[in-house]
Amino acid sequence: MNLPRGQLITKLLRSAGGQKYLLSTETGGTKGFDEIPGPRGPLGLGNLYQYLPVVGRYSFDELHRSGADKYARYGPIVRETMVPGQDVVWLYDPADIATVLDDRTPGIYPSRRSHTALEKYRKDRPNVYRTAGLLPTNGIEWWKIRSELQKGLSSPQSVRNFLPATDKITKEFVARIKPMLESQTSKTQDDGVFLMEDFMPPISRLNLELICLLAFDVRLDSFSEEQMQPHSLSSRLMESAETTNSCILPTDQGFQLWRYFETPAYRRLRKAQQFMEKTAVELVSEKLLYFNEDQQRLASGEHGSKSLMEEYLRNPNLELNDIIGMAADLLLAGVHTTSYTTAFALYHLGQNVSAQERLYQEAKAILPDPRRDRIGAATLGSEASYCRAVLKETFRLNPISIGVGRILNRDHVLGGYQVPRGTVVVTQNMISCRQETYFRDAAQFIPERWVRETREPVSPHLVLPFGHGMRSCIARRLAEQSMLVLLLRLIRSFEIEWAGTVPMDVKTKLINQPDQPIRLRFKPRSQ
């Protein structure tokens, strides 16, 4: 059949992958995809070389710096070609962020491109995993496992059930700090002030202890002499999680040569995951053995689950492979996210006397006698408002990651440009949250901006430390609860002062981590 010339050109363009060009020519009030400003690299061959050591101006370890630079150069929407055929659209405007993250296309689940090397590792091991897990999986396959795994974590009541154990372990940790300081002979003068060169390892050990108890009902005794050794189970778990996270961004971007042969980054990820997988299998197997000894009580639910794994093993819609994958994900994501955020909060509090004093007064009201008093669910919900404000202000300045990634499920107009379905979009919340356009005194740590009496009007799509919507962090409430308890107990027992370099910057190893040791001065408070 003969077509008019215009229709014939349109058909040829579509068949040749010209949909993005058509978006530029077939719409009236908006600009086309190819007109979005941003770096394409020489001759359109890609900007990946700019992230290479020595020759490049950017670094995968400093994505917040490259994000700020691109915002200053190109504006609130940037299209970056990493390699030919692989574009990333960076969004800074909360209105555009809302358009993407609030998309509720019927029958379509939010998708993203992340943890692609982890996906390969798990798909290469079908004897262990049924799917690649929550982090890289998309579509209905993702929703089937997400909808089941979130049952033990989604409701506030489910999370509150873990509060007594969280408070108990945190109380033990805070009581251990003073002897730890004294054993390091780090007392600075006769004024009772102690210097700790790096508080990050103890925080990480605490969070590993918490995640293992809450997920598996297992105490690792992470602070025992045995577990403090570099090749112990707890030390290797923390190292393996950090190694895996540091390999995600380099393997997600570029030519992904690891799909064809084992690159150094993929080798590091594989070895780290093998150890975490082995540990996850052992921990789940212990729980399974316990249940097999008492099937009747398991079926009736009379025994009362003490851990997430018990809840999952009781769920007939979950296979053992799914549970092992979730166990590995919890070990991967459950330690450093909360540890780094806590470290950033202590950095800000250690420089802000007034904020620390107000938090201390709140903590003192909640814990008049910290050696005996407990933090209850009602108290944490209604009386810890300033502590929540401190945590939220920390998330504003130092979020867990630079932003949220999505693969567009349909065509969108963003920043006045047509952006087609299938485009990878990443929000730049960390950069936006530091702009005077959106926050008064944006560079300052001001928890009062989140307190009810002095709250400022802010877009709900700016501070998104745990993501947004259906794909938000499955353990968000559990993580927040753990951090609130630690901040309350720590500031109740110690006055802290930052002793490191100012300002402290971040390294973007998928999750944002401090770029220096957490060097703090501790002064015990009266009990």
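This passage describes two pockets of a predicted model, followed by a set of single residues.

Pockets come first. The largest pocket holds about 760 Å³ of space. Its lining is made up of 28 residues, and those closest to the centre are Arg388, Lys392, Trp450, Arg455 and Arg476. Two helices, helix 18 (385–397) and helix 20, each supply at least two residues of this lining. Helix 18 gives the most, with seven residues. By class, the lining of the largest pocket comprises 13 nonpolar, six polar and nine charged residues.

The second largest pocket has a volume of about 480 Å³. Its lining counts 20 residues. Nearest the centre of this pocket lie His348, Leu397, Arg434, Ala443 and Pro503. Helix 3 (63–74), helix 15 (336–349) and helix 19 each give two or more residues to the lining. Helix 3 gives the most, with three residues. The lining of the second largest pocket has eleven nonpolar residues, six polar ones and three charged ones.

Pro503 also stands out in the backbone. A cis peptide bond joins Val502 and Pro503, with omega at about -5°. Pro503 sits in the loop between strand 8 (494–498) and strand 9 (506–509). Pro503 is thus named twice: it belongs to the residues nearest the centre of the second largest pocket, and it takes part in the cis bond.

Two residues other than glycine have a positive phi. In His115, phi is near 55°. His115 lies in the loop between helix 4 (94–101) and helix 5 (116–123). His115 counts as buried because its relative accessibility is 6%, and the cut-off for buried is under 20%. In Leu510, phi is about 70°, although Leu510 is not a glycine. Leu510 is placed in the loop between strand 9 and strand 10 (511–514).

One residue carries a record annotation. An unreviewed UniProt entry lists Cys473 for "binding site". Cys473 is located in the loop between helix 19 (429–432) and helix 20 (476–493). With a relative accessible area of 33%, Cys473 is partly exposed. Leaving aside residues up to four places away in sequence, Cys473 touches Arg146 and Phe466.

Helix 20 follows that loop and contains Ser482. Ser482 is buried, at a relative accessible area of 9%. Residues up to four places away in sequence again set aside, Ser482 is in contact with Thr166 and Leu210. Helix 20 is also one of the helices that supply at least two residues of the lining of the largest pocket.

Gly405 belongs to strand 4 (residues 405–407). Gly405 is partly exposed, since its relative accessible area is 24%. This value lies between the limits of 20% for buried and 50% for exposed. Beyond residues up to four places away in sequence, Gly405 touches Ser111, Arg112, Val425 and Val426. Gly405 and Thr508 are separated by 103 residues in sequence. In space, the C-alpha to C-alpha distance between Gly405 and Thr508 is 15 Å.

Notes
Residues numbered from 1 in each chain as written. Predicted model: local features only at pLDDT ≥ 70, side-chain atom pairs only at ≥ 80, totals over all residues. Heavy atoms only, no water. UniProt positions renumbered as here; feature names shortened; annotations may be inferred. Helix = DSSP H or I, 4+ residues; strand = E, 2+ residues; numbered from the N terminus. Buried < 20%, exposed > 50% of the residue type's maximum accessible area, 1.4 Å probe, protein only. Contact = heavy atoms within 4.5 Å. 1 Å grid on protein atoms, 1.4 Å probe; cavity = no way out; pocket = protein on both sides within 12 Å on 5 of 7 lines; lining within 4 Å. Points joined across faces, edges and corners; volume = space filled by probe spheres on them. Nonpolar A, V, L, I, M, F, W, Y, C, P; charged D, E, K, R; others polar.
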